[in-house]
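Subject: Structure handover

Hello,

Here is the structure I promised to pass on. Please open it alongside this note. What I found follows below.

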Amino acid sequence: TNFGFSKVKYEEKQTKVNEVFNNVAEKYDLMNDAMSFGMHRLWKNHLIQEINPHPGMKLIDVAGGTGDITFRYLSYLKNLDLIKFEASQSPLVTVCDINENMLNVGKDRSIDLKFQEKIVWKVGNAEHLVEENDNTYDVYTIAFGIRNCTNIENVVKEAYRVLKPGGRFMCLEFSRTNNPLFKKIYDFYSFQMIPVMGYMIAGDWNSYQYLVESIRVFPSQDEFASLISDCGFRLFYNDREAKKYTANNHIIEI
Ligand code: SAM
């Protein structure tokens, strides 16, 4: 039953990840709310605030899944300036994900939200963004996606390539805590509760067990930060406390 990274061969990981997201696509958004007690909304909104969207900005949302980050970004732009938003003819965001089922759920949602003309949906691997040219985007987001990729370094290198000089790499990801009490609570919750909730809500124990394990094997904040700067980014933390206790939100400039 255990198919955390440690037990899966390197070449098989992406196939397993695809199975996981095929299984959960329909229930993905519901499960996010249930498992994080709605907290993922706060983390994502925080990310959008940090992006500081404005008209003319070009965003690529990689591992964009069902489009949650993209929809929050577009809603922010729409609230900022409705006239300019509605007048813009060309798409404002490219969403890229390796899993077509996740994208299809997102496409349906984009129609309900009347955002369909503002988004280009592309099936693609974050490690090789074959359809993207160099120096194209102002902002690259990857939210709860990078730990699912097989080679994290390739992902960050690709982000660097497709970003314009001065563009920002913005990654939201679960990481580790150094607080012993919080760690105990988190360990109990994640090992004991998340797979049970996955089974009860989405009818899928294994996919959620994978999720917990994938968080555990992801590099620590500091290891990840050095990998990012080794790929050429200039790095600064916007919030050390948030980094410790919630998501790991690096704001990086080329
Ligand atoms: N960013 C979305 C959000 O915050 O709701 C979705 C995150 S979901 C946890 C992770 C996504 O990463 C899945 O949709 C999965 O298909 C995608 N993914 C996994 N490996 C990938 C890869 N190598 N390239 C692109 N996307 C990938």
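W43 is partly exposed, because 19 other C-beta atoms lie within 10 Å, and a residue needs 20 or more to count as buried. Keep in mind that the model is predicted. W43 sits in helix α3. A residue far along the chain comes up beside this one: W43 and L172 are 129 residues apart in sequence, yet 7.9 Å separates their C-alpha atoms.

Next, the packing of that helix. Helix α3 covers residues 39-51 and packs with α4 at an angle of about 50 degrees. Their axes are 10 Å apart. That angle makes α3 oblique to α4, because it falls outside the ranges for roughly parallel, antiparallel and perpendicular. The crossing of α3 past α4 is right-handed.

Which residues of α3 and α4 make the contact? From α3 come K44, N45, L47, I48 and I51. From α4 come D68, I69, R72, Y73 and Y76. By type, the contact of α3 with α4 has six nonpolar residues, three charged and one polar.

Now the ligand. There are 19 residues around the ligand. A63, G65, N99, A126 and A143 come nearest. Two elements give two or more residues to this shell: α1 (13-24) and α4 (68-80). So α4 appears twice in this note: it packs with α3, and it contributes to the shell around the ligand. The shell holds 10 nonpolar residues, six polar and three charged.

Best wishes

Notes: Residues are numbered from 1 along each chain as its sequence is written. This is a predicted model: local features need pLDDT of at least 70, side-chain atom pairs count only at pLDDT 80 or more; totals for chains, interfaces and linings use all residues. A residue is near a molecule or strand if its C-beta atom, placed from the backbone, lies within 6 Å of it. Helices (H or I, at least four residues) and strands (E, at least two) are DSSP runs, numbered from the N terminus. Ala, Val, Leu, Ile, Met, Phe, Trp, Tyr, Cys and Pro count as nonpolar, Asp, Glu, Lys and Arg as charged, and the others, Gly among them, as polar. Axes are lines fitted to C-alpha atoms, for helices over the stretch in contact, and angles run from 0 to 180 degrees between N-to-C directions. Angles under 35 degrees count as roughly parallel, over 145 as roughly antiparallel, 65 to 115 as roughly perpendicular and the rest as oblique. A crossing is left-handed if the near helix is turned anticlockwise from the far one by less than a right angle, and right-handed if clockwise. Two residues are in contact if their C-beta atoms, placed from the backbone, lie within 7 Å. A residue is buried if 20 or more other C-beta atoms lie within 10 Å of its own, exposed if 12 or fewer, and partly exposed in between; C-beta atoms are placed from the backbone.
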